[in-house]
Amino acid sequence: MAAYEVEEGVVSTITGDTLEKARRELSEDPEKRLHAIKELRAAIDRWEESAENEEKLKFTRKDGKFLLRFLRTKKFNVDRSLQLYVNYHKYRYKHSELLGGADGDVSLHHESVEHVLDCGLVTVLDARTVRGEKVLYVRPAYLDLEKISSGDVVKTVLLILDKLIDDEETQVHGFVLLEDLTDVGLYKMMQVAGMEHFKRGVLFELIQESFPGRFKGVHLLNQAWYITIILTIAQPFLKQKMRERIHMHGGDFSSLHDIIDPAGLPAQLGGQLTDMELQSPARLFRSL
């Protein structure tokens, strides 16, 4: 199979079934990939110099490897990819103080959220779903409200997503979120929902409008009756597509096991992994 460049000297790594999925679901054509990247780059250059750029944003990354994630997320529609690229940068500009300064580049400041990375709140599982999606495992019971702010959580989630989306397999297959609500009482849930950045919908804004990733599903597990109330409160922040991708399992994990091998799931979800085997996502950054 021919290797097609995304930039001079840089070749896409996807092959086989992943490439076929990219063709089928994302309209990706390896022979036209480089042309699409050049089209998007030219559109970015025009927007950067246009009157629409009210914030006078300057875009430092326009390399093919970076632009490809936007094209894949928007199925190689250049106009929609441009809008996502602009939203991505506007989000970081809008929340630059939270995300680490004027550059808004959280990857440069991961040390400031080491306490969140290591607390067990968010874990990246090694196993993928049967469809190839990367799995994020979230346990709100591990959120210590006296030590961790909602801003810390937003920054940590963005930090992890930014790192994971570098992988081309993940760009094509996307993510799923497993939210384990074990030991999360109504009082704590209301406290979390009322935290500054959650109340303002900062995470929803990121996931739905400002990040170049395919979010394929949210699976709520071990949830109590009042979660329905919380979801009702969250409805105004959710687009129809996202609402349709929320799945409630309660304590029945059989349908979850249909999409993720129990060997790669924690024991709390009917899997085989102990807490000791759930690795901190901090390992993703300590080599930087």
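In this short talk I will go through the central sheet of this structure, one strand in its middle, and then the largest pocket.

Please keep in mind throughout that we are looking at a predicted model.

Let me begin with the sheet, which is open and has five strands in the order β3-β4-β5-β6-β7, with mixed pairing. The two edge strands, each pairing on one side only, are β3, which covers residues 122–128, and β7, which covers 246–250. If you look along the sheet, neighbouring strands are turned by 25 degrees against each other on average, direction ignored.

Now we can walk across the strands in that order, starting at the β3 edge. β3 and β4 pair in the antiparallel sense, over four bridges, and within that pairing Thr123 stands opposite Tyr137 of β4. These two strands form a hairpin with five residues between them, where Gly132 takes a positive phi near 95 degrees. Moving on, β4 (residues 134–138) runs parallel to β5 (residues 175–180), and five bridges join the two; here Val135 stands opposite Val176, and Leu136 stands opposite Leu177. β5 and β6 also pair in the parallel sense, over six bridges, with Val218 of β6 as the bridge partner of Leu177. Finally, β6 and β7 run parallel and are joined by four bridges, and one partnership to find there is that of Leu220 with Met248 in β7.

How enclosed is β4 by the rest of the structure? Five of its five residues are buried, so β4 is largely enclosed. As a general rule, side chains in a regular strand alternate between the two faces of the sheet. In β4, Lys134, Leu136 and Val138 point one way, whereas Val135 and Tyr137 point the other way, and all of them are buried. β6 is mostly covered too, with six of its seven residues buried. Across the sheet lies helix α7 (residues 150–164), which passes over β3, β4, β5 and β6 and runs at about 165 degrees to β4.

I would like to pause at one residue, Leu178, which sits in strand β5. Why do we call Leu178 buried? Its relative accessible area is 0%, and buried means under 20%, so Leu178 falls below that cut-off. Leaving aside its neighbours within four places in sequence, Leu178 is in contact with residues that include Leu125, Val135, Tyr137, His219, Leu256 and Leu269. By contrast, Tyr85, which is 93 residues away in sequence, lies 27 Å from Leu178, C-alpha to C-alpha.

That brings me to the largest pocket, which holds about 1100 Å³ of space. Its lining is made of 40 residues, and those nearest its centre are Leu177, Glu179, Phe198, Leu203 and Phe204. By class, this lining has 34 nonpolar, four polar and two charged residues. Several elements each supply at least two residues of the lining, among them β4, β5, β6, α7 and α11.

Helix α11, which covers residues 202–209, deserves a last look. Which residues of α11 are buried? They are Val202, Leu203, Glu205, Leu206 and Gln208, and what covers the buried residues of α11 includes α4, α7, α10 and α13. Helix α7, then, appears in three places in this talk: across the sheet, in the lining of the largest pocket, and over the buried residues of α11.

How values were computed:
Residues are numbered from 1 along each chain as its sequence is written. This is a predicted model: local features need pLDDT of at least 70, side-chain atom pairs count only at pLDDT 80 or more; totals for chains, interfaces and linings use all residues. Side-chain values use heavy atoms; hydrogens and water are left out. Two strands pair if DSSP finds at least two bridges between them. Axes are lines fitted to C-alpha atoms, for helices over the stretch in contact, and angles run from 0 to 180 degrees between N-to-C directions. Contact means heavy atoms within 4.5 Å. On a 1 Å grid over the protein atoms alone, a cavity is a set of points where a 1.4 Å probe fits but cannot get out, and a pocket is an open set with protein on both sides within 12 Å along at least five of seven lines; lining residues have an atom within 4 Å of a point. Grid points are joined across faces, edges and corners, and a volume is the space filled by probe spheres set on the points. Ala, Val, Leu, Ile, Met, Phe, Trp, Tyr, Cys and Pro count as nonpolar, Asp, Glu, Lys and Arg as charged, and the others, Gly among them, as polar. Buried means under 20% relative accessible area, exposed over 50%, partly exposed in between (1.4 Å probe, protein chains only).
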